[in-house]
Amino acid sequence: MANQWLRLWHDMPTDPKWRTIARHAKQHISLVQAVYLHILVDASRNVTRGHVEVTVEDLASALDCDESQIQAILDAMQGRVMDGSTISGWDKRQPKREDSGDAESGAKSSAQRKKEQREREKLAAESGDFFAGHDASRDVTTDKDTDKEDEEAKASLSTAKLPNCPHIELIDLFGKHLPSLPQPKPELWDGQRAKNLASRWRWVLTAKRRNGDRYASDKVTALNFFARYFAFVATCPHLVGENDRGWTADLAWLSNADNFAKVMAGNYDTRKQPEAA
């Protein structure tokens, strides 16, 4: 069975309340902290989380001290870090285990996360995931948002006129393939992020693969490219919140030149790639 975890706050070792409890209990502060850690672990593993059931006798045996010392500490903890047999502030500091999910906090169970991953992979397959095996990554060069490159990109398309970036349609595609991520509001989509998305749109219509073919030749094929791009992002756990920070990408982040290149290069793809022959 995998280890279960509980949380400590950064200032826990130096929290002044331990000195207060130690003074009232007439016990050393190190024993006070040791007792707290033991009851914290006990409260975490109980069916009713936050409820302490470990006995004074068991604590004294575990810490090799007298039961009177333990009782004095537990009495001094009342109203400070304990409320009866419950650890104070438990629900706020110790959310339900992520393995089992928590409807109130939005934490997903491991089974739910796995199911969503399979659904994302299925969606990517249905969308024609051209990132599989990182075939596309070998053709990608980091593009920067510079006027010089934009001029070169336009020149590479000869005299043909590029279709304007359809921001609203791209925002809709983002919402279709990545509904769980923060959704941009079309009426507020402007400034640098809009310029970045327009630059990525031009890149798709002008950049060439090694075989000389462009990623897209018109508005329809460019939209298809972005549909596959967003579908691929949906298969990357780190980008959709499955990380230790709960961070997720958004359309502005995905439109940034450096981030776009990293995604295209497969930096966030955790699927097992075939070994080279």
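This note goes through the predicted model shown above, from its overall make-up to its charged residues.

1. Make-up. The chain contains 12 helices and 2 strands. In sequence order the elements run α-α-α-α-β-β-α-α-α-α-α-α-α-α. A reader following the chain therefore meets four helices, then the two strands, and then helices up to the end of the pattern.

2. Burial and surface. The chain has 277 residues, of which 40% are buried. Its exposed area is about 16200 Å², and 49% of that area comes from carbon and sulfur atoms.

3. Contacts along the sequence. Among contacts in the chain with a separation of 6 or more, 67% join residues 24 or more positions apart.

4. Salt bridges. The structure has 2 salt bridges. One pairs Lys17 with Asp15, and the other pairs Glu169 with Lys219. They are taken in turn below.

5. Lys17 and Asp15. The closest N and O atoms of this pair are 2.8 Å apart. Are the two residues buried or partly exposed? Asp15 has a relative accessibility of 13% and counts as buried, because the cut-off for buried is under 20%. Lys17, at 22%, counts as partly exposed. The salt bridge thus involves one residue on each side of that cut-off.

6. Glu169 and Lys219. Here too the closest N and O atoms are given as 2.8 Å apart. What does this pair tie together? Glu169 belongs to helix α8, residues 167-177, and Lys219 belongs to helix α10, residues 219-233, so the salt bridge links parts that are 50 residues apart in sequence. Glu169 is partly exposed, at 35% relative accessibility. Lys219 is also partly exposed, with a relative accessible area of 35%.

7. A negative patch. Which residues form a patch of negative charge on the surface? They are Glu57, Asp58, Asp66 and Glu67. Of these, Glu67 is placed in helix α4, which covers residues 67-77. Glu67 has a relative accessible area of 44% and is partly exposed. That value fits its place in the patch, because patch residues need over 30% relative accessible area and no salt bridge.

8. Points to check in the view. Three places are worth finding in the structure: the salt bridge between Lys17 and Asp15, the one between Glu169 in helix α8 and Lys219 in helix α10, and the negative patch that includes Glu67.

Note on methods:
Residues are numbered from 1 along each chain as its sequence is written. This is a predicted model: local features need pLDDT of at least 70, side-chain atom pairs count only at pLDDT 80 or more; totals for chains, interfaces and linings use all residues. Side-chain values use heavy atoms; hydrogens and water are left out. Buried means under 20% relative accessible area, exposed over 50%, partly exposed in between (1.4 Å probe, protein chains only). Contact means heavy atoms within 4.5 Å. Accessible areas come from the Shrake-Rupley method with a 1.4 Å probe; for residues, only the protein chains shown count as cover. A salt bridge is a side-chain nitrogen of Lys or Arg within 4 Å of a carboxyl oxygen of Asp or Glu. Patches are made of residues with over 30% relative accessible area and no salt bridge: like charges are joined within 9 Å, nonpolar side chains (Val, Leu, Ile, Met, Phe, Trp, Tyr) within 5 Å. Lys and Arg count as positive and Asp and Glu as negative; His and the chain ends are not counted. The place of a charge is taken as NZ of Lys, CZ of Arg, CG of Asp or CD of Glu.
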